[in-house]
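Here are a few exercises to work through with the structure open beside you. Try each task on your own before you read its solution.

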Amino acid sequence: MLAEFGQICLVLATLVAIVQFALPIYGAHHRNIGLMRLANRAAGLQFILIAAAFVALTLLFLHSDFSVKLVASHSHTDKPLIYKISGVWGNHEGSILLWVLILALYGALVPIFGKALPLTLRSRALAIQGLLAVGFLMFILLTSNPFERLNPVPINGQGLNPLLQDPGLAIHPPFLYLGYVGFSLAFSFALAALIEGRVDAVWARWLRPWVLLAWSFLTIGITIGSFWAYYELGWGGWWMWDPVENVSFMPWLVGTALLHSIMVLGTRHSLANWTILLAIAAFSFSLVGTFIVRSGVLVSVHAFAVDPARGVAILILLGLATGGGLALYALRAASLEVGPSIPMISRGGALIANNVLLITATATVFLGTFYPLFIDMISAEKITVGAPYFNLTFGPLMLLLIGFMGVGPVLKWRRDDLSRIRGFLIRSVLLILVIAVLNYLFGKALWGAMGFGLATFLIYATLSALNRKSSGQWQRLKRLPASDWGFALAHLGLAITTLGITSMGLWSTDDVQRLKVGEQINLAGYSFTLEEVTPGQTQNYQYLAADIAVTNKSGATTTLISERRFYPVRNMVTTEAGFRLAPGKTIFAAIGEGDPDQGWVTRVYAHPQVIWIWIGALLMALAGFVSLFDRRLRFQRGHNET
Amino acid sequence: MKLNLKALLPLILFAGLIAAFAIGLTRDPRVLPSQLINKPFPEFELTGVYDNNPVTLDNLKGDVSLVNVFGSWCVACLQEHPLLMDLAATDQVRVVGINWRDDRTKAQQWLERHGDPYDLLIYDPHSELVIDLGITGAPESFIVDQNGMVRYKHVGVVTPKLWKETMLPIIRSLRSEG
C-alpha cells in the first residue's frame, strides 16, 4: 500500500504544481490578490506531498520491500541500515525524487522568508518554481517511477553498487542537490523579474542569501565528492577532470560569478542584464549536470546509471527551461534599466574582471568536457581531453583571478586611483617575487612558484583589506558585518586550497610494485612494508585486508590498512585505500590484485599538504554560511504587499 | 515589446548546444573502435583451461574465429552463452574462448554447468593477453580471420540481432576472401 500511497502523493503534487503555476501567473497579470496569494499555499502543499512520497520510499527501503522494483534492484536485506537509507537516492529514480523534493523545499521557503517581497514578484517566482516542478514530476511519473511494482517478487534484492556503500557518498548527493537545485530560486526570480521588467537592488539583496546558500552547499558537495574519489577509487587523485566532476564544477564557477555580480547589482545598481543571464546560466548548468550524469552522453568513471531514453527527457526539460528563460530574456532585456557605468579602477571594476575570468574558466572547462562529443560529431573519432589540457588552460586563468581577488577588495566602490594603494601594491609585488623566487630555487617549476607567490599574496591582500575596513582597530574589527567576515574566510579558503594544489602538483610522489609479505617500497623518506594479508568477512562483503607498516626517517611507525572487498551480491570488487591524513604529508597505500606467491600489486603515495585542498574548500563553504548572518542582506520591512 | 538582437545571442548559442547534445544522445560512447582492427592478433603463450598444454597464436590461425572473452564470475556472459552454444552446435563459426581472471576449477565447473561452445580455450588468469587486446570488461568479442588478423570488435553481450545483421555478414565475406 505504501508504494501506491507514494504514487498518489506524486500525482497530487503534480496537480498542485500545475495550479501553483497557472493561477498565480494569471493572477499577477490581472492583479488578482487572491490568486496570487494562492502560490504560497500551493508551494507549501506541494512540498508536503512530495515529502510524503519521499518518506514512503524511504520506508519501503527500510522494510526491504522487494515487491517494489527500485528496492529490489538497489537494496538487499544484508545491507547496513545507513546504506538502506542512502540507497533511496543511490539510484536514478530515487535521486530524481530527492531533486524534486529539494526543489519543492526551496519553493516552500519563499513564502516564509519572502513575506516582505512585492506580491507580484513573489507569486510569479513561485509560479515558475511550480512550472519547474511540473516538468520534473512528469519526468518521474512517465519515465522514472520509483514506486513501480515487481511481479513476481524476488526473494532478495540485488544490493547497492558497492562503490556507493560509503558514508561519504551517502551524504554527497543531498549536498550536491541542495546546491544545484538552490540555483532554481535564482532562475525563478530572474524570470519573474524579467516578466516584471524590473531588476533592482531590492531584488538583488533578497536573492543574494539564497545564492549564497546554494553556493555553500554546492561547495560542500563538490568537496565531499573530491574526498570520496580520493580514498574510495584508490587512484590517489583529488580531482580527475572527469566529466561528472566537471559538470558539478561548472555551476559552481557560474554561481561564484553570480554571487559577485549580484553584489554589484545590490550596491551599485548596475549589471542587471548580466546578473539575470548568470542566474539563468547557473541553474542551466545544474540541469546540464543532471543531464550528463543520467544520460550517458559522455563516458565517465562515475557513470552509474545510463539510459538514453531518460537522457532525451532531461534534454527536453533542459531545452524548455533554459530555452524559455533565454527567450524571455531576449524579449525583455531591452526593458531592463541599464545602471550607472562602473569605472575600471574600482571594486566594481575588479568584480567585473573576476566575472569575466570566471566565465572564461567555465567556458574552458565546458570545452574540455564536451570537446569529445563535438569531435565525435564531426569526425567520428573518439577522443578524451585529459588533465594536461585543463591544467594548461584553467590554471593560468585561476592565477590571474587571484590577482584581481587580492586587489579588488582593497579598492573603493566609487572611482579609485591605483596611486592611493601604491604602498599595498609595492609590498604585494615584492612579496610575490620573494616567495616565487624562493620556490623556484627549491621547486624548479615556474607555475609552482607563481601558485605559491599568488596564494601568499591573496592571504596578505585579504588580511590587508580586513585591516582597512576596520581602520586597524580591534573594536571595529569585531563589529564588522558578517558579510565582511564571509568575504575574508572565502578568499583565505581559496588561498589555502591553492597552496595545497600547488604543493601537490610540485611534490606529490608515488610508486607501484608487486610486493610479497615482508617486502617493502621506499618513497619520499618513508618505507612501506607489506606486513600481512588476511582474509575476512562482514555483513555484506568478503575482504582481504593488507597491513602496510610505514616507517619514517626517525623510525616512527604507523600501520595503514588497505582492503580489497568483494561484494557477492553485485559480483564486484572494490578497493579501500589505507591512508593517514596529516597537515604535512598524507601517506596513502592501496592494494590491488595478486596472490601470496606472486605478491600483490601495491600502490603507495606521499601527498604533501593535500588535506589543505579540502580544508580550504570547506572554509569557503563556511564563509557562505557566515555571510547569511549579515543583517544588511535581510529584506527591509515595510514594503506594501500589493 | 522591442526585440534586442544582442539579447538573442544567448538563446542562439544555447539552441546550438541543445542540437549538439541531441546528436550526442544518438551515439553510443561505448563504441570505441579498437586500435587492433585490421592489425594482427597479439602474440601470446598461454595454456588451456583443462590442461597445461601450451596454446599460442598458431592454434588460433587457420579458420575465421569468433574470439570471446568470458569468466565464471561474469554475469552478463550468461546472457550471450545460449547464442554461442547455438553457433557451435550449428557450426556457423569456430568459437574461441579467452577465460579471463578465473581459476581452472571454477571455469571447468561453469563450462560443465552451462555448456562448452569453445573449440579452443585460452586460460588467461593474469590478464596477459587481455591487456594486449585492450579489453575493458567481459564479455567482449572479436572476429579474427584465417591469417590471425583482427577484423571486428564488440564490447558487451553479442545479441542475436547483432550476430545476424553485423557479425555473420563479416564472417561470410572473410570466408569468401579466404
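**Exercise 1: confidence.** Find the average pLDDT of chain A, and locate stretches of chain A where pLDDT stays under 50.

*Solution.* Start with the whole chain: this is a predicted model, and chain A averages a pLDDT of 86, with 91% of the residues scoring at least 70. Next, look for weak spots. Residues 299–305 of chain A stay under 50, and the model gives them 18 contacts beyond four places in sequence. Residues 635–642 of chain A are also below 50, with 13 contacts beyond near neighbours in sequence. Finally, a word of care: where pLDDT is low, the predicted coordinates should not be read in detail.

**Exercise 2: a helix and its span.** Compare the reach of helix α1 of chain A with its expected span, then find what covers its buried residues.

*Solution.* First, the span: α1(A) runs over residues 2–29, and its 28 residues reach 41 Å from first C-alpha to last, close to the 40 Å expected at 1.5 Å a residue. Second, the buried residues of α1(A) include Ala3(A), Cys9(A), Gln20(A) and Pro24(A). Third, their cover includes α2 (33–62), α5 (92–113) and α6 (119–143) of chain A. Just after α1(A), you meet Arg31(A), which has a positive phi of about 55 degrees.

**Exercise 3: a kinked helix.** Where in α8(A) does a kink lie?

*Solution.* Begin with the helix: α8(A) covers residues 201–232, and these 32 residues reach 45 Å, close to the expected 46 Å. Now walk along α8(A) to Leu207(A), where there is a kink of about 30 degrees, shortly before Pro209(A). Then check the surroundings: 29 of the 32 residues of α8(A) are buried. Leu207(A) is also among the residues with the most contacts inside the largest nonpolar core, which has 149 residues. Helix α7 (residues 167–196) of chain A gives the most to this core, with 15 residues.

**Exercise 4: a core residue.** Which residues does Ile280(A) touch, not counting those up to four places away in sequence?

*Solution.* Ile280(A) is another of the residues with the most contacts in the largest core. Its partners include Phe187(A), Ala190(A), Leu191(A) and Leu194(A), and further along the chain Thr322(A) and Tyr329(A).

**Exercise 5: buried or exposed?** Decide which word fits Asn354(A).

*Solution.* Locate Asn354(A) in helix α12 (residues 347–379) of chain A. Its relative accessible area is 6%, and the cut-off for buried is under 20%, so Asn354(A) is buried. Beyond its neighbours within four places in sequence, Asn354(A) is in contact with His260(A) and Leu401(A).

Methods
Residues are numbered from 1 along each chain as its sequence is written. Chains are lettered from A and ligands numbered from 1 in the order in which they are written. This is a predicted model: local features need pLDDT of at least 70, side-chain atom pairs count only at pLDDT 80 or more; totals for chains, interfaces and linings use all residues. Side-chain values use heavy atoms; hydrogens and water are left out. Helices (H or I, at least four residues) and strands (E, at least two) are DSSP runs, numbered from the N terminus. The expected span of a helix is 1.5 Å times one less than its number of residues. The bend at a residue is the angle between axes fitted to the seven residues ending there and the seven starting there. Buried means under 20% relative accessible area, exposed over 50%, partly exposed in between (1.4 Å probe, protein chains only). A nonpolar core is a set of buried Ala, Val, Leu, Ile, Met, Phe, Trp, Tyr and Cys residues joined through side-chain atoms within 4.5 Å. Contact means heavy atoms within 4.5 Å. pLDDT is the predictor's confidence in each residue, from 0 to 100.
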